[in-house]
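Me: Please pick one helix in this structure and give me a close look at its surroundings. After that, I would enjoy a friendly walk from there to the other parts of the chains.

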Number of protein chains: 2
Amino acid sequence: MLDSSNPVESSIPSIKSSLIEPDGGALVDLVVPENERGAKALEAESMSKVRLTKIDVEWVHVISEGWASPLRGFMRENEYLQSLHFNSLRMADGTVVNMSLPIVLAIDDKTKESIGSSKNVGLVAPDGDLIGILRSIEIYKHKKEERIARTWGTTAPGLPYVEECITSAGNWLIGGDLEEFDNRQADAVFAFQLRNPVHNGHALLMNDTRRRLLEMGYKNPILLLHPLGGFTKADDVPLDVRMEQHSKVLEDGVLDPKTTIVSIFPSPMHYAGPTEVQWHAKARINAGANFYIVGRDPAGMGHPTEKRDLYDPDHGKKVLSMAPGLEKLNILPFRVAAYDTVAKKMAFFDPSRSQDFLFISGTKMRTYARTGENPPDGFMCPGGWKVLVQYYESLQIEEETEKATVLST
Amino acid sequence: MLDSSNPVESSIPSIKSSLIEPDGGALVDLVVPENERGAKALEAESMSKVRLTKIDVEWVHVISEGWASPLRGFMRENEYLQSLHFNSLRMADGTVVNMSLPIVLAIDDKTKESIGSSKNVGLVAPDGDLIGILRSIEIYKHKKEERIARTWGTTAPGLPYVEECITSAGNWLIGGDLEEFDNRQADAVFAFQLRNPVHNGHALLMNDTRRRLLEMGYKNPILLLHPLGGFTKADDVPLDVRMEQHSKVLEDGVLDPKTTIVSIFPSPMHYAGPTEVQWHAKARINAGANFYIVGRDPAGMGHPTEKRDLYDPDHGKKVLSMAPGLEKLNILPFRVAAYDTVAKKMAFFDPSRSQDFLFISGTKMRTYARTGENPPDGFMCPGGWKVLVQYYESLQIEEETEKATVLST
């Protein structure tokens with residue numbers, strides 16, 4: 001899964017040590033060195049402040065860890081327009097890098113007014129901590145309807161990211177160069193993105209990919225299990241539960257801990273289908289990956305107001321294969337895994353005996369866990385399954401406690 | 001306004017004689033030679049048929065005249081997706097050409113069924129004439145909501161092109177290589193696009209541009225007056241009236257007939273702002289232009305349901321200056337012309353004495369013509385103005401006749 005010129009040790013390196021600028025330039029470093037932090041923080045104290053939301057902070061991490069390189073901060077208008085219209089940015093040297101999602105910071109009228117003609121602003125986390133500086137700022141209009149239409153291909157209500165952080169956001173965007181004070185010590189390079197618990201079908205796909213890469217002549221392909229750590233919609237399994245589940249999958253030996261690195265991708269989830277899958281792939285290129293497995297309907301969801309998929313399930317793969325700036329990415333064909341009721345395990349789907357296969361969707365899996373029903377043997381390792389069952393039990397207890405509270409008042 | 005390596009005679013050449021492939025390749029020729037037309041028409045008779053709308057026929061002309069080169073027909077899905085997401089197409093040799101509007105042909109379920117597994121289809125104009133063949137066809141889904149959102153940046157009702165030819169169109173798109181039977185003898189290369197009557201402010205801008213190009217060392221810059229000939233919204237002045245008005249402007253000497261060519265751009269109007277202005281520029285590059293004048297809010301309109309401009313008036317110019325595949329285009333800064341009430345003529349706006357200037361919008365101009373009121377002296381040449389007044393008088397007579405008919409029944 002890795003660029004052979006950029007081998008990954010089986011230890012857990014800092015992600016920054018494996019960052020590659022798309023143009024082959026220097027490593028990204030937007031994080032202020034430890035000995036300069038006091039002075040910077042002091043400087044920031046005197047600046048106009050921008051209060052960040054939780055998701056804004058996720059983007060601060062995304063930018064300062066280099067996932068969005070060569071972007072060095074929140075987008076100014078020229079970058080925003082290129083991202084919106086071309087899904088890519090043209091560099092000064094004429095090269096094109098893929099950039100399909102606008103990475104922007106919204107502010108309201110009052111904040112804009114308080115900034116006035118300042119050149120730099122301090123960034124304040126929801127807990128009140130000063131976490132960074134945005135320099136050489138540019139403020140421009142936040143045309144929300146257009147941003148939504150061009151990113152999601154619809155303006156229907158019910159898009160999770162839109163409702164969470166665009167609808168109620170301010171009418172202005174502020175761009176500039178970011179300096180983050182803290183280094184979060186992100187911990188790996190990676191290649192398999194997921195926002196769901198790992199079942200044995202995923203594992204089959206990952207292990208089979210390793211086998212194929214060995215066959216292709218790679219000496220030490222590392223499996224990079226890469227859960228998305230930013231915003232997800234309410235009915236997705238939360239990150240901490242997923243991380244615990246992933247640990248069990250490694251403990252139970254479904255994935256080999258010697259050749260697997262688990263890392264968190266700090267980006268918030270847009271559910272923007274073909275537009276977002278480009279971002280997911282681009283961020284992995286920045287981290288040194290040059291193989292990318294893409295499945296059916298990546299970053300997709302149901303249409304928020306109609307009974308259909310929001311995106312054509314094949315468009316993600318197609319758009320990815322043609323995207324400007326992603327020419328060097330090798331897209332690995334995705335093989336469909338399903339539960340083989342004869343062999344009693346997850347296996348690659350064999351159309352010649354389709355009646356033997358059972359497709360267990362994410363929704364179906366969650367229903368099993370919620371109702372306490374066991375999935376078929378061999379669907380998921382017992383340790384991992386237990387984590388899920390406990391999570392849904394805790395949800396039910398919470399719900400019942402809430403009901404009881406309502407009844408007793 | 002022209003590529004100096006591609007001089008235009010002051011005679012009226014066939015547009016095809018000046019077509020340049022963006023990659024410097026061979027001239028486009030999608031029109032069947034005269035001596036082969038009988039055989040082709042006979043062949044098409046035996047094929048499944050696709051019935052075209054008036055606007056589909058406009059696109060047949062656009063494609064076969066080479067404006068959309070290197071596109072050789074209606075888009076297949078790969079081209080459609082690239083256009084929708086990247087506003088550009090990647091060629092086999094890795095070069096990128098700008099292609100911001102999807103150029104597609106919609107068919108309904110019944111037509112799709114009648115085509116079955118045919119490889120080629122005959123194209124039938126609204127009047128029943130067989131006008132061409134689409135070869136090696138591909139049929140794919142017409143996801144209208146996504147197409148609209150990604151092209152216009154809104155899904156609000158009231159977008160003229162959408163209402164005219166997307167809403168009621170079929171649920172499938174059919175792509176393939178086009179062969180058109182008839183050559184329409186399109187008549188020029190060009191560079192100044194407009195869909196309105198020419199007033200003296202336009203003329204000032206065009207004549208001033210010629211002067212500047214002479215200063216830049218060009219020996220024979222040709223003014224290319226280039227009215228849009230395809231679909232326009234109901235309250236725009238129709239093409240035939242505009243053509244008559246343009247003739248008067250040349251007769252009256254406001255523009256010099258010796259250095260001016262009038263040509264029709266057959267494309268239908270999308271009113272898609274920053275997305276469409278790329279198409280307008282790209283088509284001109286195909287015809288040999290390498291200078292492009294872009295004004296405020298190109299291809300813009302009011303938001304269909306809200307009281308504001310649909311696009312940021314500056315985004316057209318900005319997006320154009322950064323668009324993939326348009327790197328070689330020189331964008332000429334647009335100078336604002338207005339009526340100088342002191343000099344009693346159209347002049348470049350001078351902010352130091354702004355109180356002397358009167359801005360006469362297209363809407364204002366139409367109101368003058370409709371009410372029979374004369375605009376200030378020097379706004380438009382008398383011959384051209386008369387054409388407009390007569391057009392609006394004829395509309396009024398029509399309206400009154402309709403009213404009378406209603407009253408008498």
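Reply: Helices (H or I, at least four residues) and strands (E, at least two) are DSSP runs, numbered from the N terminus. This is a predicted model, where local features need pLDDT of at least 70 and side-chain atom pairs pLDDT 80 or more, while totals for chains, interfaces and linings use all residues. Residues are numbered from 1 along each chain as written, chains are lettered from A and ligands numbered from 1 in written order, and side-chain values use heavy atoms, without hydrogens and water.

Let's take helix α10 of chain B, which covers residues 315-322. Which of its residues are buried (under 20% relative accessible area, with exposed over 50% and partly exposed in between; 1.4 Å probe, protein chains only)? They are B:His315, B:Gly316, B:Val319, B:Leu320 and B:Met322. Their packing partners come from both chains. On the side of chain A these are α3 (77-86), β2 (88-90) and α5 (144-152); chain B itself supplies α9 (273-286), β12 (291-293) and β13 (330-332).

The pair α3(A) and α10(B) deserves a pause. The axes of these two helices are 10 Å apart and make an angle of about 75° (axes are lines fitted to C-alpha atoms, for helices over the stretch in contact, and angles run from 0 to 180 degrees between N-to-C directions). That makes α3(A) roughly perpendicular to α10(B), a label for 65 to 115 degrees, with under 35 roughly parallel, over 145 roughly antiparallel and the rest oblique. Contact here means heavy atoms within 4.5 Å. From α3(A), the contact draws on A:Glu77, A:Asn78, A:Leu81, A:Gln82, A:His85 and A:Phe86. B:His315, B:Lys318, B:Val319 and B:Met322 face them from α10(B); among these, B:His315, B:Val319 and B:Met322 also appear in the list of buried residues of the helix.

How do the copies meet as a whole? 100% of the interface residues of chain A are interface residues in chain B too, so the copies meet through the same surface.

Following chain A back from the start of α3, we come to a backbone feature. A:Pro70 sits in the loop between α2 (54-64) and α3 of chain A, and the peptide bond leading into A:Pro70 from A:Ser69 is cis, with omega near 10°. In chain B, the bond joining B:Ser69 and B:Pro70 is cis as well, with omega about 15°; there B:Pro70 lies in the loop between α2 (54-64) and β2 (73-74).

Two residues other than glycine are worth checking for their phi. A:Ala299 has a positive phi near 55° and belongs to the loop that runs between β11 (291-293) and α10 (315-322) of chain A. With 9% relative accessibility, A:Ala299 counts as buried. In chain B, phi of B:Tyr271 is positive too, near 55°. B:Tyr271 lies in the loop between β11 and α9 of chain B and is buried, with a relative accessible area of 0%.

That loop begins at β11(B), which belongs to an open sheet of 3 strands in the order β9-β10-β11, paired in parallel (two strands pair if DSSP finds at least two bridges between them). Its edge strands, β9 (192-194) and β11 (260-262), each pair on one side only. Neighbouring strands are turned against each other by 20° on average, direction ignored. Strand β10(B), residues 223-227, is joined to β11(B) by 3 bridges, and B:Leu225 has B:Val262 as its bridge partner. Helix α8(B), residues 239-251, packs on this sheet, touching β9, β10 and β11, and its direction makes about 160° with that of β10(B).

Further along chain B, β14 (337-340) and β15 (345-348) run antiparallel, joined by 4 bridges. One of the partnerships is B:Ala337 with B:Phe348. The two strands form a hairpin with 4 residues between them, and B:Lys344 in the turn has a positive phi of about 55°.

For contrast with the buried residues, try A:Ser117, in the loop between α4 (109-115) and β5 (121-124) of chain A. A:Ser117 counts as exposed, at 67% relative accessibility. Its C-alpha atom is 9.8 Å from that of A:Glu138, 21 residues away along the chain.

Stepping back, chain A has 12 helices and 15 strands, and 56% of its 409 residues are buried. Of the contacts in chain A between residues at least 6 apart in sequence, 73% join residues at least 24 apart.
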